[in-house]
Amino acid sequence: TFSGNEQFPDVISLKRQELDDDGNIWHLISSESISFKNLQTNDHVTLIYTKPGDLQFIRITGTGKVSDSKSRIKKYRNHIDRKLFEEGADDPKIRVLKLTVAATQYWKSDSRSLITILKVLGKAISGRDMDFSSS
């Protein structure tokens, strides 16, 4: 999620609960999370799925809507993280995030391309050349 007009998102780890028949993606989030707070003023959401071992990445963008739908919470109750939601399905902090997908992007890199990307990003961030060569 994004805070105000920020270009870089606040990032949290989520476990996807469902991809419904309409292509919406559902997650459980906490009303105390930065994502919940951001969604109160900016509904833009970016999800990134990775399979690092194969250098595969999927980026999904869309709009998020938060609710406290008891039927959805009940539906996902077997997947509730007891560390985050101590009271289980009855925890008052549980919210449901529905992501309506606007666009997706998939890419797979070979290791040389990824090294090149990391070098460019490293130089852009630090202003110095980055050495990712193995010793």
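I25 of strand 2 stands opposite L99 in strand 5. These two strands pair in the antiparallel sense over 6 bridges. In this predicted model, the pairing belongs to an open sheet of 5 strands with the order 1-2-5-4-3. I25 and L99 also both belong to the largest nonpolar core.

**Overall make-up**

- The protein chain holds 3 helices and 5 strands.
- Read from the N terminus, the elements follow the order β-β-α-β-β-α-β-α.
- Of the 135 residues in the protein chain, 31% are buried.
- The chain exposes about 9,500 Å², and carbon and sulfur atoms supply 49% of that area.
- Among contacts with a separation of 6 or more, 60% are between residues 24 or more positions apart.

**Confidence**

- The mean pLDDT of the protein chain is 79, with 76% of the residues scoring at least 70.
- Helix 1 (residues 34-39) has the highest mean pLDDT among the elements, at 91.
- Helix 3 (residues 111-126) has the lowest, at 60.

**The sheet**

- Pairing in the sheet is antiparallel.
- Strand 1 (16-19) and strand 3 (44-51) are the edge strands, each pairing on one side only.
- On average, neighbouring strands of the sheet are turned by 35 degrees against each other, direction ignored.
- Strand 4 (residues 56-67) pairs with strand 5 (residues 94-108) over 12 bridges, in the antiparallel sense.
- Within that pairing, K65 of strand 4 is placed opposite K98 in strand 5.

**Strand 1 and strand 2**

- Strand 2 (residues 25-30) also pairs with strand 1, in the antiparallel sense and over 3 bridges.
- I25 in strand 2 has L19 opposite, while W26 in strand 2 is the bridge partner of E18.
- The hairpin of strand 1 and strand 2 has 5 residues between the strands. In this hairpin, G23 takes a positive phi near 90 degrees.

**Burial of strand 2**

- Strand 2 is largely enclosed by the rest of the structure, because 6 of its 6 residues are buried.
- I25, H27 and I29 point one way from the strand, whereas W26, L28 and S30 point the other way.
- Both sets are buried, and they include the polar residues H27 and S30.

**Nonpolar cores**

- The largest nonpolar core has 9 residues: I25, I29, F36, L39, V45, L47, I60, L97 and L99.
- Strand 2, helix 1, strand 3 and strand 5 each supply at least two residues of this core.
- Apart from this core lies another one of 8 residues. Its members include L28, I73, Y76 and I94.
- Strand 2 residues thus occur in both sets: I25 and I29 in the largest core, and L28 in the other.

**Contacts of I25**

- Leaving out residues up to four places away in sequence, I25 touches R16, E18, L19, L47, Y49, I60, L97, K98, L99 and V101.
- Among these contacts, L47, I60, L97 and L99 are also members of the largest core.
- L19 and L99, which I25 touches, are the residues opposite I25 in the pairings with strand 1 and strand 5.

Terms used. Residues numbered from 1 in each chain as written. Predicted model: local features only at pLDDT ≥ 70, side-chain atom pairs only at ≥ 80, totals over all residues. Heavy atoms only, no water. Pairing = 2+ DSSP bridges. Helix = DSSP H or I, 4+ residues; strand = E, 2+ residues; numbered from the N terminus. Axes fitted to C-alpha atoms, helices over the stretch in contact; angles between N-to-C directions. pLDDT = per-residue confidence, 0-100. Core = buried A, V, L, I, M, F, W, Y, C linked by side-chain atoms within 4.5 Å. Buried < 20%, exposed > 50% of the residue type's maximum accessible area, 1.4 Å probe, protein only. Contact = heavy atoms within 4.5 Å. Areas by Shrake-Rupley, 256 points an atom, 1.4 Å probe, with all protein chains shown as cover.
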